[in-house]
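User: I am new to this structure and would like to learn how to read its features one at a time. Could you take me through it slowly?

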Amino acid sequence: MEVLENTKSNALKLLIVDDDDVDRERLRRMLSKSDIETNISEASSVEDSMLHLNSGEYDCVIVDYRLGLNSGLTLLNNIRTTMDSHCAVIMVTGLGDEEVAAEAMRLGASDYLVKNQLQSPQLIRAIISSVHRAEMEKKLHDMAHYDSLTGLASRPLLLEHLQVSIANEESAAVAFLDLDNFKPVNDNYGHDTGDYVLVTIANRLKQITRKNDVLARIGGDEFVLLLHDVESQEECSKFLNRLIELVNTPIELAAFDCHVQVSASIGVALVSNDKLDADTILRRADQTMYQAKNMGRNNIIFFDPEEERRLYARRAMLQAAERGIALNEFELHFQPQVDMVKQRLIGVEALIRWNHPTLGFLYPGDFTEVLEHPTTGILIGEWVLKEALRQHTIWHQKDLVVSVNIAPAHLLSKDFVQRLNDLLNSMPDFNPKLLEIEILETVSISDIQHAVDVVQACCKLGVQVALDDFGTGYSSLNYLKKLPLNTLKIDKSFIQNVLSNKEDSAIVICVVALSKAFKYKLIAEGIESLEHQQALIKLGCHFGQGYFIARPMQPHKMTSWIESYNNHTLH
C-alpha cells in the first residue's frame, strides 16, 4: 500500500562504497573534520552496497567509479531504476574523464568528484548540497505522487502502478469510490472537520487494503483502489461490500459532541486483456461510479461494455443533433386538429422530424434522448417554437391554434418564460392566444410546483396550455385544479380500443365528464377510422386528430390541405 513516511534521524546517514580499504578510511577522516553529525556505513562491492540500501534509508551514497570488476555506474543505475529511493549519490573517481562524468550525471548522480583533488571542505560542501537537492527533489516528487492531506498515492502514482499491472497482464481491478454525503459535513461543520473526516476514511481504507494493493486519493472526496490478484467479480464485490460497511461507520466529532455518517458509491473496472491504457480504465471506473451514484447510496456497479457503447451512441446522437441544428437538418410537419361535429379546422400540431445524414428520416421516438436533453433538447425546442410561429404567420389563419410539444427540461429551464415572451414580442402580428404549448402528464408531475409556476406565467402571456397523453400519468384532481389548463388530450392508447374494450370506453366517458367539469377543451388522439370518430362523438368527445383525419405533413402540403378542407366544409 502506497503511503508516505519519513524515517530520517537528525544525523546524516551516509554509505561509502569503495573496494579500496585505504580510500574508504580517507573519506571517513575527511568527514570527521566536519561539525556535521554523521552515521557512516561502508560497502566494498555493488552487491554489498545493495544489501545496505535494501535494509535501510540513506541520505547520501558516496561511490567509487571502479568497484572491482564492476563500475560504480552499475550501482548508480540500480539505485535510480530499481529502488524507490531519492537519496543523493556522489560519484568519486581517480579519473578526470569528462565522458565518465557526463554518464554519471545522466544516470542521476548528484555530483562528481576527482579523488586526487578532493579535500575535506569540498567533500562536505558536495554532500550538503547534494542532500539538500535530493530532499527538494523528494518533496517535489511527493507533491506530485502523494496526497498532502492523507498521505495516500495521488493520480500520477496510481496510474504508474496501474500501467505496470496492465503491462504484466495481471488480474486486477480499479475501484473508484466517491463519498455520498460529504458536502453537508463541510457546509455544517467547516472544512477542517471535513478534512478530519477524509483522513478518518483514508485510515479506515488503509486498514482493509492489502499491502500489495494501491490506495489513492485523486479528488476532494474521491478515492481509488487498485486491487491486485482479483480472481472474480464476486470476490471483488464481497471485499468492496466490507469496505462500504467500514466507510458507513459513524465518525465522532468531539468538538461538536455528535457523530456524522457518510456512504460511498463505487464504480469498478476490471483490468482485462483489451490492451487499454491506464487512463481509459480509470475513466471507465469513474463513469461507472456515477451510474452507481445515480442509483442512490452504497451501490457497487461493475463496468459494462454494452452500457459504454450506449453512452457513446447517445453522445454521438447529441453531437449529430447539434450539427443538425446548424445545418438545418430538422423540419416541422403539421397534423390537423378538427371539430368532428362541425367539420371545422381548429388547430394544427407541430411535430419535429430529422433528416439525419446517415440514419435517414427520423421520427421523435427515434431521438427522444436528444429532445429531452437539458442542453441540446432546449436548443431544438427553441427552434421548434420559432419555426412553428413563423409558419403560422404564412398561413394567415386568424383562428388556427398551433400546438407545440415542450419537453420537460425545456419547460423547466431557466428563463423559459422570458425567452417565450421575447419570441412573441419579435412577432407582433402573431396573437399569443393562437399558441398552445403541450406538456406531458407523465413528466410534468416530477416538479409540480415549478411546472405550475411556469404554466401560470405562460398563461399571463396569453398562451394556451394542453396536457398531452392524458390518462397515462398520475395527475391528481388537485393537480388539475392548480394547473391553468385549456386542453386535455386523451392518449391514443385509450382511443384505439374504444370500439372493443368496455374499460377504455368507460375511461373516455369519465375523461369527457372531467373535461366538462373543469371546462377544458378535449381532443382525442389517434383517430384511425370513421367508426372511431363516430364512437367518440357519441361519447361526447367532439375534437380529434389522427390518421383518419390527416397524417402529419410538410408545411406546403399543410397549406394545400387547409385550403381543400375549408373549401370542402363550405360546400
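Analyst: Let us begin with a pair of charged residues: Lys489 is buried, and Glu438 is buried as well, in what is a predicted model.

User: What do Lys489 and Glu438 form with each other?

Analyst: The general idea is that side chains of opposite charge can pair when their charged atoms come close. Here Lys489 and Glu438 form a salt bridge, with their closest N and O atoms 2.8 Å apart. Because Lys489 lies in strand S21 (residues 487-490) and Glu438 in strand S19 (residues 435-440), the pair ties together parts that are 51 residues apart in sequence.

User: How many salt bridges does the structure hold, and which residues are linked in a network of them?

Analyst: The structure holds 23 salt bridges, and a network of them links Asp18, Asp23, Asp64 and Lys115. Within that network, the side chains of Asp64 and Lys115 meet at 3.3 Å, N to O. This pair links distant parts of the chain, since Asp64 is in strand S3 (residues 60-64) and Lys115 is in the loop between strand S7 (111-114) and helix H5 (120-145). Asp64 has a relative accessible area of 7% and is therefore buried, and Lys115, at 15%, counts as buried too.

User: How should I read a sheet, and what is the order of the strands in the open sheet of five?

Analyst: In general, strands of a sheet pair through backbone hydrogen bonds, either parallel or antiparallel. In this open sheet the order is S9-S10-S8-S13-S14, and the pairing is mixed. Strand S9 (214-217) and S14 stand at the edges with a single partner strand each, so one side of each has no neighbour in the sheet. From one strand to the next, the twist averages 20 degrees. S9 and S10 pair in the antiparallel sense over four bridges, and Leu225 in S10 is the bridge partner of Leu215.

User: Is Leu227, in strand S10, buried or exposed, and which residues does Leu227 touch?

Analyst: Leu227 lies in strand S10 and, because its relative accessibility is 3%, counts as buried. Leaving aside residues up to four places away in sequence, Leu227 touches Ser171, Ala172, Ala173, Arg210, Asp213, Cys236, Phe239 and Leu240. Two of these contacts, Arg210 and Asp213, appear together in that list, and Asp213 forms a salt bridge with Arg210, their closest N and O atoms being 2.8 Å apart. Asp213 is buried, with a relative accessible area of 1%, whereas Arg210, at 34%, counts as partly exposed.

User: How do I read a helix, and which residues of H10 are buried?

Analyst: An α-helix has 3.6 residues a turn, so residues three or four places apart point the same way. The buried residues of H10 are Ala278, Thr280, Ile281, Leu282, Arg284, Ala285, Thr288, Met289 and Ala292. What covers them includes helix H6 (155-167), strand S8 (173-179), strand S10 (222-227) and strand S13 (264-270). At 1.5 Å a residue, the 17 residues of H10 (residues 278-294) should span 24 Å, and the end C-alpha atoms are 25 Å apart, which agrees. Just after H10, Gly296 takes a positive phi of about 125 degrees.

User: Where is His396, which has a positive phi although it is not a glycine?

Analyst: His396 sits in the loop between helix H13 (376-395) and strand S18 (401-405), with a phi of about 55 degrees. At 66% relative accessibility, His396 counts as exposed.

Technical notes. Residues are numbered from 1 along each chain as its sequence is written. This is a predicted model: local features need pLDDT of at least 70, side-chain atom pairs count only at pLDDT 80 or more; totals for chains, interfaces and linings use all residues. Side-chain values use heavy atoms; hydrogens and water are left out. Helices (H or I, at least four residues) and strands (E, at least two) are DSSP runs, numbered from the N terminus. The expected span of a helix is 1.5 Å times one less than its number of residues. Buried means under 20% relative accessible area, exposed over 50%, partly exposed in between (1.4 Å probe, protein chains only). Contact means heavy atoms within 4.5 Å. Two strands pair if DSSP finds at least two bridges between them. Axes are lines fitted to C-alpha atoms, for helices over the stretch in contact, and angles run from 0 to 180 degrees between N-to-C directions. A salt bridge is a side-chain nitrogen of Lys or Arg within 4 Å of a carboxyl oxygen of Asp or Glu.
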